[in-house]
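Q: Please take one part of this model and look at it closely. Start with the terms I need, then build the picture piece by piece.

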Amino acid sequence: MSQYHRMPKLWQMDDYDECLESPGPDEPSGVFCSLSVVLKPNNRSELWKLIEEFSSDYKRHYNHQVLKRGVCIKNCQKAIEKLSPAERNALTVEPFPIDVRYKFNDGILENIPTYREAYHDVLEICVNKELNDTYGLVAHTEILSCDKSTDEVVIDALDMSFLIVLCALVCFVTLSSWYDSSINYKRTSDHYRQPLDSKRKMVWVSFSIQRNWYRLTSRSRDELNQKLRFFQAFRFLTMSLVIFGHAALLLAVTPTTHSEKLERMMHNVGSMILTNGVQITQTFLGMSGALLAIQFCSFAEKRKGKVSFLYVPFAILYRYVRLTPVYAFVILLHATWLLKLQTGPLWRWGAETEQTFCRRNWWTNLLYINNYVHADEPCVQQGWYLGAEFQIFIIALIVLVTIVKIPRAKVPILGLVLIAAYIIPALFIYYQKLEGTFVVTLEAQRYILWYDKLYLHAYIPTHINFGNYIQGVLTGVIYNELQKRSINLAQSKAFRAVWYLTFAIIPLSMLPSYMFYVNDFPTPSVWMAAYFVVSKNLYGIGVGIVILGCIYGVNGVVKRMLNYPFFEPLGRLSYGAYLVHPFVMRYMFVSVRGPVHYSDLLTLSLVFGATVMSLLMALVLCLLVELPTTALQNHLFGSFKEPKSNPVDPETVTNGNINQGFDGKKSEL
């Protein structure tokens, strides 16, 4: 990449804050615009040929035909004020065919047509003067967003509705906490751990911050939940890796002084472990499927196999009520106050898009169909996982009820479902002419993957992610059968060897994906469809092996570490952290004022900071919304419960892999 620095910089920005300083009484208002600059092809230019050749490696490089600029109108006007009309005309580019992605779709940001009419000509002439003087090239300029020093924050009815909801929740928590404290006659902490003597009182203390704090931090004494306690550590560690992966995505989205560093990484075979880090969400699917199967089998045994299909809609409703309140609260936050809480040259580009999508498409999230409907205009983009997992949960629950009702057909049914989980995605990969892996290109990340064909068709759909959840279910069923036969896998030397090898095999299995980055294999392809399915589901098999090994304590030191008490609340906060971490990371990355030099240490610091801030926000959400609503949910579904025991067991707060108790109450992991 020795010729890299001959090309125009991908990012270049004027001083945003200086541009928007309050002007004097007789001065025009300051205006700062973010632009996409598309270089006009010029086959007589050696530099253009270099740009074209370098960008043709589209899987590993940015498209250097498309530049991003942040320009102050005052600076522009000053730079071109002495140009003659002929010179200005020479720097105005006639329309030319543009077949590359260079902006978000129209109609997302407000007032862009007005800004284009007012500033397009001066900006294009200004940018082309710099490009022509420095590189001998000219370009088409597209305004992405503009900020004015006279812009004012406008608060509408929806914004006010969020404040009303927030104030109501704070009032509920305050009053409930006061009431709970006032009836604590003995002034002991045990009061908050015990159920009260009437259902009415329990409803009154649902929002009690003291009681909910104990629910968050307590540990269950149930034997099964003690065996599965390590799941809380898995949740937290997986959540941290998700944040790390999204930091890598934001590095590709936001302005950097050394974009070539990311492009160099893409030439390294070892980088495939990082690039395929998108597989980490499959860990959640594997855990969720395993927990669902383990707890359903336990529930079915208590009922001696008498489980009706009528139980399915009840479980779906229970799950919906469990997941949705805090999810809806985050959607409302994104639709209202996110945009108003920060400014910057990219802020409207990164926050107003979210506001627009959430106001348009919130209903797809609340129906959990957002991974199929309007997936290219996502509200709370990480919610694709919740949609996919909710849909698979319904299918898996029906399968589990079926095998309990027809126990003799257990193996054929599970076998057919597993075969379908392999064949269906393979058929989609083949007939949609897709690659043999989810190729994560830098250019697609520039537009947050919204318009990337592979992201929309080979990453977020339910049918693509179905296999690893079902393999998780199979893991749970296998565990149940092993328990019936009193088999301890930790005593099997063969299983212990496989368990240890899994930690090496899974990362190594990601390395062959590099061949798809350096080759353009013809599609449709049977072998690529098969490779896609096998490589994706191999990860889920590995997760199942690791889970079984941890349950049986193949490595006692690892299990003790994963069972440390501090993982308990961290794991329970992971659902909230999953929902809010992009909100936090927008502030850390998208609010930058200019290109940043990201070092490895700075990136790790940002990831660590984002993790801590996300958990703190999740704690607030947990005590304000999540735990109170689950407490009310338990009262709502109280008529379905078995008689309760005296001690109040802590309730699980998870992130997508919801541990549903099948006696009508939540499990106590």
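A: Two strands pair if DSSP finds at least two bridges between them. Helices (H or I, at least four residues) and strands (E, at least two) are DSSP runs, numbered from the N terminus.

The model is predicted, so local features need pLDDT of at least 70 and side-chain atom pairs pLDDT 80 or more, while totals for chains, interfaces and linings use all residues. Residues are numbered from 1 along each chain as its sequence is written, and side-chain values use heavy atoms, without hydrogens or water.

Start with strand β3, residues 66-72. Seven of its seven residues are buried (under 20% relative accessible area; exposed is over 50%, partly exposed in between; 1.4 Å probe, protein chains only). So β3 is largely enclosed by the rest of the structure.

Now look at its two sides. In a regular strand the side chains alternate between the two faces of the sheet. In β3, Val66, Lys68, Gly70 and Cys72 point one way. Leu67, Arg69 and Val71 point the other way. Both sets are buried.

What pairs with β3? Strand β1 (residues 11-13) is joined to β3 by three bridges, and the two run parallel. Find tryptophan 11: its bridge partner in β3 is lysine 68. Strand β2 (residues 31-39) is joined to β3 by seven bridges. Here the direction is antiparallel. Serine 34 stands opposite glycine 70 in β3.

β2 also pairs with β4. That pairing is antiparallel too, over nine bridges. Phenylalanine 32 stands opposite aspartate 147 in β4. β4 is mostly covered, with nine of its 10 residues buried. So here is the order of contacts to trace: β1 pairs with β3, β3 with β2, and β2 with β4.

Next, follow β4 (139-148) to a space it helps to line, the second largest pocket. A pocket is an open set of points on a 1 Å grid over the protein atoms alone, with protein on both sides within 12 Å along at least five of seven lines; lining residues have an atom within 4 Å of a point. The second largest pocket holds about 800 Å³ of space. Such a volume is the space filled by probe spheres set on the points, which are joined across faces, edges and corners.

Which residues lie nearest the centre of this pocket? They are Glu152, Val153, Val154, Leu339 and Arg348, out of 26 lining residues. β4 and helix α15 (347-366) each supply at least two residues of the lining. α15 gives the most, with six residues.

The lining is mixed in class. It has eight nonpolar, seven polar and 11 charged residues. Ala, Val, Leu, Ile, Met, Phe, Trp, Tyr, Cys and Pro count as nonpolar, Asp, Glu, Lys and Arg as charged, and the others, Gly among them, as polar.

Two domains share this pocket. Domain 1 (3-148) and domain 2 (193-217 + 232-636) each give at least three residues to the lining. These bounds come from an automatic or database domain assignment.

Compare that open space with the closed ones. The structure holds three cavities of 30 Å³ or more. In a cavity, a 1.4 Å probe fits but cannot get out. The largest has a volume of about 180 Å³. It is lined by 16 residues, and Asn276, Gln279, Thr437, Ser535 and Lys536 are the closest to its centre. Helices α21 (493-509) and α23 (526-552) each supply at least two lining residues. The largest share, five residues, comes from α23. By class, this lining has eight nonpolar, seven polar and one charged.

The second largest cavity has a volume of about 60 Å³. Its lining includes His374, Trp384 and Tyr455. Six of its lining residues are nonpolar, three are polar and none is charged.

Finish at the loop leading to α23. Proline 524 is found there, between α22 (514-518) and α23. A cis peptide bond joins threonine 523 to proline 524, with omega about 0 degrees.

One last stop, back at lower residue numbers: asparagine 111. It is found in the loop between α4 (85-90) and α5 (112-135). Its phi is positive, near 65 degrees, in a residue other than glycine. At 43% relative accessibility, asparagine 111 counts as partly exposed.
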